[in-house]
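User: Could you take a close look at one part of this model for me? I'd like the local picture, and then how it sits in the chain as a whole.

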Amino acid sequence: MLRGEAFRGALEEFCGDRADRLRLLATYGGRRLRRMLTGVHETLRSSGLPLLLGAPGDPQLELRLQELRTAAHEAEPEALRLLEQATAAEPEALLDLGDLRARGASAEACEEARQAVERAALEALAARDREQLQELLLAYDHAYRAAKDRESALDFEDLQLLARELLQEHEEIRERESWRFRSIMVDEFQDTNRLQCELVDLLARPDGELFFVGDEFQSIYRFRHADVEVFRERREQVGGVLALTQNYRSRPEVLDVINHLFAADFGETFQPLAAAGRFPDPAFGPAVELLVTDKASYRETGTHWREAEARHIAVRVRELVDSGEAAPGEIVLLFAAGTDARLYEEELRARGLPTFRATGRDYYHQQQVVDLLAYLRLLHNRYDDEALVTVLASPFVGVSNDALVLLRRAAPKRPLFAGLEKELPEGLSARDERLFQAFRQRFDRLAAQAAALTLERLCEQIVCAHDYDLAVLAQWDGRRRYANLRKLARLARSYEELRGPDVEGFVRFVAEQDAVGASELEAAAEEEGTDVIRLLTIHSAKGLEFKVVVVADAGRDRGRPDADEILCLPDGRLGFRVADPSTGKRLSTSEYESVKEAEQHAEQAERRRLYYVAMTRAIDRLIVSGAIDPERGADVGTPIGWVLERLEATELDEVGAASAPIEIERDGARLAIRLDRWSPPADTAEPEAPPEAQLSLFEAGENGDAPLDAPELAPLPEVAAPPVHRVRRLSYSALSLFERCSYRYFAERVIGLRQADAAGSVPGQEGLAATEIGDAVHVLLERVDLHAPAVPDDLAELVRARYPAATDEELDRVRAFVASYCESELAARIAGLAGAAAELPFAFEHDGVLLHGRLDVLHREGTRALVLDYKTNSLEEAGAEPEEIVERDYRLQRLVYALACFRSGAEQVEVVYHFLERPDAVVTDCYKLEDVGTLEAELSAAIAEIQAGEFRPTPDEFVCADCPALNLVCAGPRLRNAPAPRVTAAV
C-alpha cells in the first residue's frame, strides 16, 4: 500500500503541467510505469546498487544525420528535402526512414547510413526517456522513504542496506560485532544475493572461519532477488569444495532417473546423488512414471487437454490409494505455477479423494472476492453500473439475464440503479420481482448502516444480509470460498487501521494490487495435518518430502508476457526499450537485446532447477505428468518435452490409448510411460426393441371391443404451504432474544420492527436506549488492554463520537460499568492469562442453521477455553440475582458459546458472565466434552421451536421496556392477566 501511494504521489508531482512529462505518461501508461520502475527499484536496492539508469553514451545523432545527407545525394528530391529539415532535436521523426531510397553506386552506402541514423535516433530517444525515468525513479524513492518514515516502518531491503551502512561507516561497530563470531556458517547460500554476501564479509573476522553450505541446482528464488552467480563466484574464489552427494530421502531407483535426466544439462559441477537411506520394502516395477497426455488428440473434442491430464492423474492416484501403496496424506501434487491447480483438485475430488490446496495466487480474481468488492463499490456509488450488474447476477441477488435486460430498458440513458429507485421494471417474472424487492430492502438497510460500521463489519454484514455465506458454503469447496471472504474482511480491517474507514480507498487499493500483479494466495480452509492429498507449488514444497510426488502440469508453456521497457539484472546491467510516441510500438535498443537474452537464459536455467527440486522431493514413487503435441515446436521446450527428449522416448509412438504402460531403461534408469489419447466413447449396443403391442389400457375387454375402464389413481397428497419464516442463520443475540421472549424475536427478526428509542446516534436527539448504553460499554471494553485494564481517559469523547445524544448522566453510568470490570478480581484474573483476546468472531453449523456471533473475550490454553461475556442489565429492575438471570435469559446463549469452543477443538469450556453493575456479580459455568450431546440436543430443540413458527409473548418489565411491538401489536406486561396470544408465522 505504501508503495502504491508513494508512486502515485511521485507521478503526480513529476508530471505537473509539463507537456514532455505528460507525453511520457501517455506513451507508457501509468500502470506500466509503476510496474517497471518499482521493479527496477527493488532489484537495484536488493543488490545494494545505486538507483541509476546508466546510459551507454552519446549516440552522435547529428553526426550520423550529416553522414546520411552526404550519402543520399542521389535520393528522391522530396526525400532529400525532408532530410534537410530533420534535426537531432526531434529523434522520433528519424525512427523510420524506410521511404528514403538512393539509386546508383551510392545506394549501399546510403542504406548503411540510413540504418545508422535510425539506430542513433533510437538511442537518442532512449536517452531522453531514460533521463525522465531516472528523475521519476528518484522521486518515487524519496516519496517511498517519506511514507515509511511517517509510518515508522522499514522494508526488508532497509534492514540490509542500513546494516551495511552501519558496518561500513563505523569501524568500531563492525569490529565489535565481528568479534562476536569466531565461525560463521551460511546455509542455503545459493539463495543469497550480493548485498547479503557483503554483510557476511563485513562480519567475518580475518582469522575466523567462514562456511558456505548450498546447492546451486536448488537455487529457485530469482523472483526474490536471489542470484546464483554469487554462489558460483564464491565457490571459484574458495577453491576447496566438499561435495555432499549422499541422499537420505529417495529410493535409488528414483535417484537413478533424476541423475540421468539432469547430469548432461547441469554440466561438470553436478554431482550425481547416491542413495544412503535404508528401505525395508523392495520396489516392485519402475519407481518413476511418466503420464503423457496427447494434446493433439483432444483438439476439437470439447475436452481441454489440461482437463484430460488432470483426469489422467486422478485415475492413477485413485489406483495408488485403492491398492494400499500410499494413503492420501502421503501424496502431493506439485505445480510450477498454481494457476490451474483448482482443475486438478476438482478431478481428484470427483473420484472421492480428499484434498488440501495451497496454490493459486489469483486471490483477487476469485468470484466471491470480486462479488464482495463489487458490493462495496455499489455502497460507495449506487450508480456504478458495472458493480450493480455484478451484484445482481451474483449469488447476492441472482436475477435472470432477462431481468437485467428489462432493467436496462427501464433506464436506457440513465444509470441502471435509476430503474430500481421508484418502481421495478415492467415485465419481470414473479421470481425476479421478489429478488429485486429483497435486494432493495437489504441494500437500503446496509447503505444506512455503512457509515457507522467498520470496513470488516461492513463486509460481514453484506455477506450475512444476503445469505451469501450459505450460498458459498453449499459449494464443494465452500469452506475455501468462505475463508476467502473472511480474508477480504481481514484485509479491510488492516487497511482501515492505516487509512481509516474509507470504502472507496480500500476498493482502489485492491484494484491497484491486482493491476501490478501483486501475489496473494487464496485463504486456507482445511487443516494441513489431516490425511489429504496436498496440492502445492514447488517453491512451497522445498525442504519437504513425500512418499509419492506427482509433478503435474509439466506441459505448461511458460511464455512470458510482453516484457517491461526496462530490464534490470542483479549485477546492475540495464536494458531499455523505447516506446514510439506516435505509434506506441516498442523499439529495442542494442543493450536491451543483450540483457533480454541474459534474462531469458537465466529464467530457462532456473526453470530446469525448479523441476530438479520438485523431483527430489519423492521418497518411493515419482510421477511426472504433462501434455504435449509432438508436432508443435514450442512444446519441445516444455518440461515434459525436455524429459521425453532426454530419454529419447521413441517407444511413445508405439503406445496406444488403452495400452498398458510400457517400461523403458536408459543407462540403468528404469521408468514406465503411460499415454493418454482421446478416444470416442465405446459403442453400446442398443437393446432390441420389443414388438409393438397394444397398451393394456386400450386392449379389448371381455365383452368385445369396449376398452377397459381406466384405473383409479390414488389422490395426490396435499402439499403443505412453506413456512413464512424459515431460519437459516442465527446470531447468539437472536437466540438470546428468542429465549427471553419469542414474540419480541418475531417482531424484530421476522417483521423487522426497530426500537423506537434507539436514537443515540442521531444528532439533535438526547438520551440513549438501554441497548445503546450496552453497545457503548462493549466498544470501550474492546479498546481496554486486557493485560492492564484501565478506564480510558477520553471515554466521554469516544462515547459521544459514536452516540452524540449521550447525556452526562449516561456517561457516568457507562464509566461506572467500565470501571466495574477494570477494578474487578475477574479483570485481574484475565490480565494474567497470556493470549487472551477480545472480540473474536465465531461461526458453526447445527441442524442446517449457521450460528454466528462474537466472543467478548476468549482465552485458549491447550484443550481448555474460557469465554467472558459482559452484561449491562440492571439487576435492580430485573429483580433477580445474576445466577437467576443467566439461567432464565441466557441459557441458550451460554450453550452456543460452549459449543463454539468445542467445535474448535476445546475439551473443557468455562463460560463467565460479568454483570457490570457490580464488580462481584460474576456467574460461571463449566462444561466438559461429555456434555456436548446434551448441549446439542437443547440447541436442536430451540431451533426446532423457531422453525415451527410459533411465537408467544413473555410479559416482563425488563424485556418489554424497549420492545418495538409494545403498545403496537402487543400489550406487554398487561398480558399477565389475559390469555396468552399466539402468533404462527405460517398463517
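Analyst: His312 lies in helix 12, the stretch covering residues 305-322. Keep in mind that this is a predicted model. As for exposure, His312 has 15% relative accessibility, so it counts as buried, the cut-off being under 20%. What does His312 touch, leaving out residues up to four places away in sequence? One set of partners is Leu291, Val292 and Thr293, and the other is Arg674, Leu675 and Asp676.

Zooming out, that kind of long-range contact fits the chain-wide numbers: among contacts between residues at least 6 apart in sequence, 72% join residues at least 24 apart. Buried residues make up 47% of the 987 in the protein chain. The accessible surface comes to about 50200 Å², with 50% of that belonging to carbon and sulfur atoms. In secondary structure, you're looking at 36 helices and 23 strands.

For a helix pair elsewhere in the chain, try helix 14 (residues 367-380) and helix 21 (residues 478-499), which pack with their axes 9 Å apart at an angle of about 40°. That angle makes helix 14 oblique to helix 21. Their crossing is right-handed. On the helix 14 side, the contact uses Gln368, Val369, Leu372 and Leu373, and these meet Arg481, Asn484, Leu485 and Leu488 of helix 21. By type, the residues of this contact split into 5 nonpolar, 2 polar and 1 charged.

Methods:
Residues are numbered from 1 along each chain as its sequence is written. This is a predicted model: local features need pLDDT of at least 70, side-chain atom pairs count only at pLDDT 80 or more; totals for chains, interfaces and linings use all residues. Side-chain values use heavy atoms; hydrogens and water are left out. Helices (H or I, at least four residues) and strands (E, at least two) are DSSP runs, numbered from the N terminus. Buried means under 20% relative accessible area, exposed over 50%, partly exposed in between (1.4 Å probe, protein chains only). Contact means heavy atoms within 4.5 Å. Accessible areas come from the Shrake-Rupley method with a 1.4 Å probe; for residues, only the protein chains shown count as cover. Axes are lines fitted to C-alpha atoms, for helices over the stretch in contact, and angles run from 0 to 180 degrees between N-to-C directions. Angles under 35 degrees count as roughly parallel, over 145 as roughly antiparallel, 65 to 115 as roughly perpendicular and the rest as oblique. A crossing is left-handed if the near helix is turned anticlockwise from the far one by less than a right angle, and right-handed if clockwise. Ala, Val, Leu, Ile, Met, Phe, Trp, Tyr, Cys and Pro count as nonpolar, Asp, Glu, Lys and Arg as charged, and the others, Gly among them, as polar.
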